[in-house]
Amino acid sequence: MARYQKTGTVDGYAALKAAARAAPGVHVSHTALPAKRVIECYKCGYTFQQHGKTTTTTCSKCRHILDLTDHTLERDGNETIQTCGTITIPDRVAINGGNLIGNDVRLDGTLRAGTIRALRRLELGPGASFPEHLVTARDLKILRGAVIVFEQPAEFRDVEIAGVMRGRLRASGTVTIHPGAEFAGELTTARLIVADGGGLNARVRVEVR
Amino acid sequence: MDNNNSVQSVIAGDVEIAGTIRSAGSVRIDGKLEGELHCAGDAVIGKSAVIKGNLAVNAVTVEGTINGNITAKDRIEMKSSARVTGDIKSKRLSVEDGVTFVGRSEVNPSTPPAAGAIPVVAAAAAAEASDKADAATVRPQFARR
């Protein structure tokens, strides 16, 4: 007589365990769950999780249909893109207008006009050139080889520096300086990590408030 | 540097010193120091240590509290429990998450190291670059022929 076990929740794992019971000798240790993806709605800012791969979804809060695809700009343009994926502006590509909104944005080209808004992280490559007031992001990463000079005080949450950054930086989260990277100027942050080999020539204030 | 066996002088946690400490070897401080520390070797500032004064050392690992400037020839290492108020100057710096640091930092790891201190990898790369440079100077001579 088959052993009966009551299952409170029927999911993929419970189904596989049932299959293992039905076919003795088959060992099921764990199941592969579909990858979770955190999505931040570019209309209302609500953050939710999405399982599996899909090109569009609906915001759980504002019901707006969201684009989840990644975009790479291949030539100069002034189009407006709104996506929960990543927008990549490669080297030698110039943006002459339009608004780019993405969960993550990688800028390696030139921003002449228009705006860039990264809901999560903005990555600046070696070829990045932009007016500061046209770019907003929560987190910042300066890639290896990039030399970024901020004329105005810059504010972010987490900042990761793998290249060179100069200016006045205020970070509410963590500033990480990687080996071979350098920060020069004025730094105010809650948390600082400097890897051995990182350069820091600045007036520094690291305090958790 | 963390190894206590390699530390030559130890200022224990129940010791308070007012004055300047000069040491030719390495030092570990767990007590209180009101004054300067000049150390030709490495220094370890323990978690319970409180120092009011400047430090001039070869290398230092900070786990405690320092109110003063730190000048290190080689490196400054700040552990997560470190609290430093003052300016720091060194060739190399490593900072762990959780430190409190208010002051000016002057750390340039890209400054060329002193003679004899070139790491093996860098030396090999330099030799390779030198070979390439030699090859580059030879090539035009072939072209002339």
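Chain B of this predicted model folds into one helix and 15 strands, where helices (H or I, at least four residues) and strands (E, at least two) are DSSP runs numbered from the N terminus. Chain A, for its part, has one helix and 16 strands. Residues are numbered from 1 along each chain as its sequence is written, while chains are lettered from A and ligands numbered from 1 in the order in which they are written. Because the model is predicted, local features need pLDDT of at least 70 and side-chain atom pairs count only at pLDDT 80 or more, whereas totals for chains, interfaces and linings use all residues.

A word on confidence helps in reading what follows. The predictor gives the complex an ipTM of 0.75 and a pTM of 0.77. The average pLDDT (the predictor's confidence in each residue, from 0 to 100) is 77 for chain B, and 71% of its residues score at least 70. Two stretches of chain B call for care. Over residues 1-5 of chain B the pLDDT stays under 50, and the model has seven contacts for them beyond four places in sequence; a contact here is a pair of residues whose C-beta atoms, placed from the backbone, lie within 7 Å. Residues 112-145 of chain B also have a pLDDT below 50, with two contacts in the model beyond near neighbours in sequence. Where pLDDT is low, the predicted coordinates should not be read in detail.

Burial was assessed by counting neighbours: a residue is buried if 20 or more other C-beta atoms, placed from the backbone, lie within 10 Å of its own, exposed if 12 or fewer, and partly exposed in between. By this count, 30% of the 145 residues of chain B are buried, and for the 209 residues of chain A the share is 30%. Among contacts between residues at least 6 apart in sequence, 5% in chain B join residues at least 24 apart; the corresponding value for chain A is 6%.

Within chain B, strand 11 (residues 70-78) takes part in several pairings, two strands being paired if DSSP finds at least two bridges between them. Seven bridges link strand 11 of chain B in parallel to strand 9 (residues 55-62) of chain B, with B:Val57 partnered by B:Ala72. Strand 11 of chain B is also parallel to strand 13 (residues 88-90) of chain B, over two bridges, and here B:Thr71 faces B:Lys89 as its opposite residue. A parallel pairing with strand 14 of chain B adds four bridges, where B:Ile76 stands opposite B:Leu93.

In chain A, strand 14 (residues 164-177) pairs in the parallel sense with strand 11 (residues 147-149) over three bridges, one partnership being A:Ile148 with A:Met165. Strand 12 (residues 154-156) of chain A runs parallel to strand 14 of chain A over three bridges, and A:Ala154 has A:Leu169 as its bridge partner. Three bridges likewise join strand 13 (residues 159-161) of chain A to strand 14 of chain A in parallel, with A:Glu160 opposite A:Thr176. Strand 14 of chain A is further joined by twelve bridges to the parallel strand 15 (residues 182-194) of chain A, where A:Arg170 is partnered by A:Thr188.

The two chains meet through 19 residues from chain B and 18 residues from chain A. On the side of chain B that touches chain A, strand 14 (92-95) and strand 15 (100-107) of chain B are the elements that give two or more residues, and strand 15 of chain B supplies the largest share, eight residues. This side of chain B comprises seven nonpolar, seven polar and five charged residues, with Ala, Val, Leu, Ile, Met, Phe, Trp, Tyr, Cys and Pro counted as nonpolar, Asp, Glu, Lys and Arg as charged, and the others, Gly among them, as polar. Strand 15 of chain B is also joined by seven bridges to the antiparallel strand 16 (residues 199-206) of chain A, and B:Gly103 is the bridge partner of A:Val204.

Beyond strand 15 of chain B, B:Ser110 lies in the loop leading to helix 1 (120-144) of chain B. B:Ser110 is exposed, because 10 other C-beta atoms lie within 10 Å.
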